[in-house]
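Reader: I should be grateful for a close look at a single part of this protein, taken strand by strand.

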Amino acid sequence: MILSPTQGIFKNDIYNAWDTGHKNVLGVSPTGSGKTVVFSDILKDHNGSSCAIAHRQELVTQISLALARDDVPHRIIGPNNVVKLAVNIHMAECGTSYYNPQAPCAVAGVDTLVRRKDNLANWLNSVTKWVQDEAHHVLVNNKWGKAVDMFPNAIGLGVTATPDRADGYGLGRHADGVFDVMVEGPQMRALIDMGYLTDYRVFAPPSDLDLTNVNVTKSGEFSKEPLKAAVNKSHVVGDIVKHYLRIAPGKLGITFVDSVDTATQVAAEYNRAGVPAAVVSADTKDTDRVRIVKEFTARKLMQLVNVDLFGEGFDLPAIEVVSMGRPTQSYALYVQQFGRALRLILGNISRATWDTYTDLQRRLLIAQSTKPHAIIIDHVGNVERHGLPDRPRIWTMDRRERTGKNKPTDDIPTTTCLNPECVSVYERTYKACPYCGHVNLPAFRSGPEFVDGDLTELDAATLAEMRGEIAKVNMTVDEARADMLANWVPKIALTPGIKRHIARQEMQTALRESIAWWGGYQRAAGRDDSESYKRFYWKFGIDVLSAQALNIKDAQTLALKINDDLARLAV
């Protein structure tokens with residue numbers, strides 16, 4: 001299988017990490033970027049024994065198929081029904097089986113691998129390279145970490161889209177995990193802009209779901225039974241079907257819900273509305289699951305309603321719409337679910353040919369395709385809870401506080417269009433909905449916090465007051481001295497007071513120059529003053545006018561932040 005340019009760079013960076021002495025590498029790349037393709041190619045290169053580990057049995061067959069596509073014979077460490085299923089999938093797609101119980105390469109379900117440790121002892125010692133899919137699960141003391149420990153003579157690779165856990169545990173060896181270094185591929189927005197993932201549009205219809213009494217467990221996720229009760233009290237089930245029919249009729253969709261009971265209700269509602277749907281869960285037999293997915297791909301089924309099954313690792317480009325009916329505190333799970341709809345539908349164009357096109361050519365072809373953009377319908381507030389998934393993220397393998405504390409401080413929040421015929425979600429930097437033009441008017445205009453820092457929205461009295469504070473900074477030395485005397489400042493304090501005033505002016509001069517450069521970049525990017533003011537507010541936590549009245553220390557801190565951002569933007 002030929003890697004795309006971005007996949008090739010990612011693979012080379014992983015090899016460089018190993019070559020520089022790091023034993024276990026954590027590879028981070030967005031959902032839909034082809035992590036399975038990359039590690040399959042790495043295993044193909046390997047001359048010794050190797051093992052790819054999946055955390056669920058249904059993903060064993062997916063990894064097995066990726067190896068088959070790469071002409072890699074491999075054993076399968078799993079139940080007999082999984083082996084038979086994998087062989088059938090090989091035959092259907094490749095015309096031959098790549099299953100070989102004596103092959104040095106293996107694909108293993110983590111539970112079976114740990115359970116058969118004693119019987120596999122000789123082979124385990126011979127393995128010199130392991131790979132773990134969905135590596136955000138791997139902690140040194142859990143079953144995924146124990147699986148890693150079974151390969152004493154191997155170097156390792158873990159891949160994930162989100163090296164982030166709801167419980168706050170860190171994946172680094174120095175924290176709670178097993179990894180020595182992190183290697184990052186391009187972020188999601190870059191892959192969208194390059195035409196390797198589809199763009200998306202988010203809708204957030206009004207919802208009466210009340211999570212007030214739903215507690216969060218020690219693992220950092222909503223408690224199952226209270227969540228189920230909250231969903232049952234709401235109108236989420238009916239809303240899912242109603243808004244699918246309004247927003248995305250006729251499109252292939254996958255719906256995520258909280259429980260099998262809810263899934264059964266939602267599927268029944270879909271079918272009653274004339275939308276062929278099926279429930280898929282961990283309880284669904286493998287053969288039934290394969291049949292259901294085939295019927296879905298053939299558009300005999302239009303909706304797959306599932307519980308914790310297709311959130312991770314499921315690769316089906318045909319998905320056009322994702323309906324979120326399951327609230328989650330896990331950013332990783334949220335991104336996995338969101339990303340199910342972002343995969344390209346290339347039609348008759350081969351991947352190798354696709355890679356020869358320019359970014360612009362790829363985007364134009366996507367715009368003309370059957371899936372010009374993915375549709376995400378969020379009924380449970382996940383987008384508001386976690387932010388848009390293509391916002392830049394700074395990942396870490398360190399521990400952190402539990403869920404809710406890991407959003408970037410400069411993350412631009414979203415808002416939902418109040419036009420009931422639209423309900424699109426967009427960044428709050430826009431004054432009007434970019435989809436329908438509706439303007440969400442601020443409730444108050446008496447402070448920057450009410451208008452997201454947009455100075456064009458403030459009332460005249462507030463602007464005058466804020467400019468008055470700036471005027472104090474701009475006073476000449478004589479004016480500052482007169483002002484101090486008028487405010488009964490003792491003469492002994494005048495000289496040091498004037499020195500502070502001059503120092504504050506000098507620091508403000510430097511800060512305002514940085515603000516001017518930052519604003520110039522925004523204008524060059526085609527943004528008007530309103531959007532630029534809002535971006536500044538969410539980026540730096542203060543509006544432009546208030547920034548120009550800061551004291552020496554705070555002005556210096558802000559100038560450094562702005563200069564760091566300018567350096568990142570190569571301004």
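Which residue stands opposite N306 in strand 11? Please describe the surroundings of that strand as well.

Author: The residue that stands opposite N306 in strand 11 is F256. The description that follows concerns a predicted model, in which the protein averages a pLDDT of 91 and 97% of the residues score at least 70.

F256 belongs to strand 9, which covers residues 253-256, and strand 11 covers residues 303-306. These two strands run parallel and are joined by four bridges. G253 likewise has a bridge partner in strand 11, namely Q303.

Strand 11 also pairs with strand 10, again in the parallel sense and over four bridges. Here V305 of strand 11 has V279 opposite. Between strand 10 and strand 11 the chain passes through helix 12, residues 286-297, and the resulting β-α-β crossover is right-handed.

The side chains of strand 11 alternate in direction: Q303 and V305 point one way, whereas L304 and N306 point the other way. Residues on both sides are buried, for all four fall in that class.

The wider setting is an open sheet of eight strands with mixed pairing, in the order 10-11-9-12-13-8-15-14. Strand 10 (277-280) and strand 14 (414-416) each have a single partner strand and stand at the edges, so one side of each is left without a neighbour in the sheet. From one strand to the next, the twist averages 25°.

Helix 10, residues 236-247, lies across several of these strands: strand 8 (199-203), strand 9, strand 11, strand 12 (321-324) and strand 13 (373-378). Relative to strand 13, helix 10 runs at about 150°.

A caution on confidence applies elsewhere in the chain. Over residues 403-409 the pLDDT stays under 50, and the model has 15 contacts for this stretch beyond four places in sequence.

For a point outside the strands described above, one may turn to W123, which is found in helix 6, residues 121-126. W123 counts as buried because its relative accessibility is 8%, and the cut-off for that class is under 20%. Leaving aside residues up to four places away in sequence, W123 touches S49, S50, C51, R75, I77, P104, A106, L113 and F151. H174 lies 51 residues from W123 along the chain, and the C-alpha atoms of the two are separated by 29 Å.

Definitions and conventions: Residues numbered from 1 in each chain as written. Predicted model: local features only at pLDDT ≥ 70, side-chain atom pairs only at ≥ 80, totals over all residues. Heavy atoms only, no water. Pairing = 2+ DSSP bridges. Axes fitted to C-alpha atoms, helices over the stretch in contact; angles between N-to-C directions. Contact = heavy atoms within 4.5 Å. Buried < 20%, exposed > 50% of the residue type's maximum accessible area, 1.4 Å probe, protein only. Right-handed = clockwise from strand over helix to strand, strands pointing away. pLDDT = per-residue confidence, 0-100.
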